[in-house]
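Reader: I am in my first year and would like to learn how to read a protein model step by step. Could you take my questions in turn?

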Amino acid sequence: MPELKRLHAGHAPAVLAFELANRTYFAASIPDRGDDFFDRFTDGYKALLAEQEAGSCAFHVLVAEDGSVLGRFNLYDLEDGAARLGYRVAEQVAGRGVATATVRELCRIAIARHGLRTLRAATSHENAASRKVLTKAGFVPVGPATPADLGGKSGTWYQHDLRP
Ligand SMILES: CC(C)(COP(=O)(O)OP(=O)(O)OC[C@H]1O[C@@H](n2cnc3c(N)ncnc32)[C@H](O)[C@@H]1OP(=O)(O)O)[C@@H](O)C(=O)NCCC(=O)NCCS
């Protein structure tokens with residue numbers, strides 16, 4: 001069974017392999033990370049771990065039994081009981097309910113481990129799969145997301161008021 005784990009230094013090679021293998025797939029629905037992300041991956045990864053250590057973010061990877069990364073599920077800007085959610089799932093497991101089940105699990109973790117009461121996520125109008133994931137996990141639309149929120153696209157902010 002794949003397991004959702006808190007990101008640590010040892011996940012770096014599998015995270016890089018995941019981002020490389022799915023780069024084109026992700027870029028069809030969300031902004032590409034750019035060559036710099038891949039060229040300077042080690043520095044960027046260390047910076048992520050430092051942010052996590054400082055408590056402002058909580059990063060998670062969905063790890064398969066063979067150690068490969070199937071998805072990334074992240075909480076950003078943890079403050080005052082709220083955080084922003086972001087996620088991406090490997091093309092090889094797309095359409096099997098992986099994102100929906102894992103976002104639901106992350107909601108439980110957000111309450112139990114981080115004491116959060118509210119999660120927010122923005123998704124573009126074109127990203128029908130992501131909208132479906134959010135609504136199935138209990139998020140509701142709360143207002144427009146601007147191109148600044150979504151790397152150039154317009155969309156919707158969703159919110160989930162978490163209940164223990
Ligand atoms: C969005 C993403 C996370 C979905 O992952 P996933 O594991 O395939 O999602 P799930 O299988 O849990 O659910 C996807 C739902 O969207 C539906 N869906 C997929 N493509 C669709 C489309 N083009 N139009 C309408 N619905 C679509 C699926 O049928 C499924 O709904 P169902 O379970 O009711 O059948 C994945 O496609 C991804 O990583 N995309 C690139 C990154 C991204 O967009 N991240 C989100 C940023 S807000």
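The questions and answers below go through the charges, the salt bridges and some backbone details of this predicted model.

Reader: Which residues does the UniProt annotation "domain: N-acetyltransferase" cover?
Author: Over the annotated stretch the chain is 36% helix and 30% strand, and the C-alpha atoms at its ends are 34 Å apart. The annotation comes from an unreviewed UniProt entry, and the residues it covers are 16-163.

Reader: How many salt bridges does the structure hold?
Author: A salt bridge here needs a side-chain nitrogen of Lys or Arg within 4 Å of a carboxyl oxygen of Asp or Glu. The pair E19 and R72 is one that forms such a bridge, and D32 with R23 is another. For the structure, the number of salt bridges is six.

Reader: How many residues apart are E19 and R72, the pair that links distant parts of the chain?
Author: The salt bridge between E19 and R72 has its closest N and O atoms 2.6 Å apart. E19 belongs to helix α1, residues 12-21, and R72 to strand β3, residues 69-79, so that the pair links distant parts of the chain. Along the chain, the separation of E19 and R72 is 53 residues.

Reader: Are E19 and R72 buried or exposed?
Author: The word buried is kept for a relative accessible area under 20%, whereas exposed needs over 50%. E19 and R72 fall into one class, and that class is buried.

Reader: What is the relative accessible area of R23, the salt-bridge partner of D32?
Author: D32 and R23 form a salt bridge whose closest N and O atoms are 2.7 Å apart. D32 counts as partly exposed because its relative accessible area is 38%, which lies between the limits of 20% and 50%. R23 is partly exposed as well, with a relative accessible area of 23%.

Reader: Which residues are joined into one network by salt bridges that share partners?
Author: The side chains of R84 and D77 meet in a salt bridge, with 3.2 Å from N to O. Salt bridges that share partners, by contrast, make one network, and the residues joined in it are E19, R33, R72 and R88.

Reader: Why does D77 count as partly exposed?
Author: R84, on the other side of the bridge with D77, is partly exposed at a relative accessible area of 32%. D77 is placed in strand β3, and the class partly exposed lies between 20% and 50%. D77 therefore counts as partly exposed because its relative accessibility is 47%.

Reader: What is unusual about phi in D77, and what is the value of phi in D80?
Author: Most residues other than glycine have a negative phi. D77 is not a glycine, yet its phi is positive, near 55°. D80, in the loop between β3 and β4 (82-89), is not a glycine either, and its phi is positive at about 50°.

Reader: Is D80 buried or exposed?
Author: A residue is called exposed when its relative accessible area is over 50%. The relative accessible area of D80 is 69%, so D80 is exposed.

Reader: How far apart in space are the C-alpha atoms of P13 and S68?
Author: P13 is located in helix α1 and counts as exposed at 60% relative accessibility. Along the chain P13 and S68 are 55 residues apart, while in space their C-alpha atoms are separated by 9.1 Å.

Reader: What separates the C-alpha atoms of A17 and D80 in space?
Author: A17 is found in helix α1, where its 43% relative accessibility makes it partly exposed. A17 and D80 are 63 residues apart along the chain, and the separation of their C-alpha atoms is 34 Å.

Reader: Which elements give two or more residues to the positive surface patch?
Author: The positive patch is formed by R104, R108, K132 and K136. A patch residue needs over 30% relative accessible area and no salt bridge; R104, placed in helix α5, is partly exposed at 37%. The elements that give two or more residues to this patch are α5 (98-112) and α6 (128-136).

Terms used
Residues are numbered from 1 along each chain as its sequence is written. This is a predicted model: local features need pLDDT of at least 70, side-chain atom pairs count only at pLDDT 80 or more; totals for chains, interfaces and linings use all residues. Side-chain values use heavy atoms; hydrogens and water are left out. Patches are made of residues with over 30% relative accessible area and no salt bridge: like charges are joined within 9 Å, nonpolar side chains (Val, Leu, Ile, Met, Phe, Trp, Tyr) within 5 Å. Accessible areas come from the Shrake-Rupley method with a 1.4 Å probe; for residues, only the protein chains shown count as cover. Lys and Arg count as positive and Asp and Glu as negative; His and the chain ends are not counted. The place of a charge is taken as NZ of Lys, CZ of Arg, CG of Asp or CD of Glu. Helices (H or I, at least four residues) and strands (E, at least two) are DSSP runs, numbered from the N terminus. Buried means under 20% relative accessible area, exposed over 50%, partly exposed in between (1.4 Å probe, protein chains only). UniProt positions are given in the numbering used here, feature names are shortened, and annotations may be inferred rather than shown by experiment.
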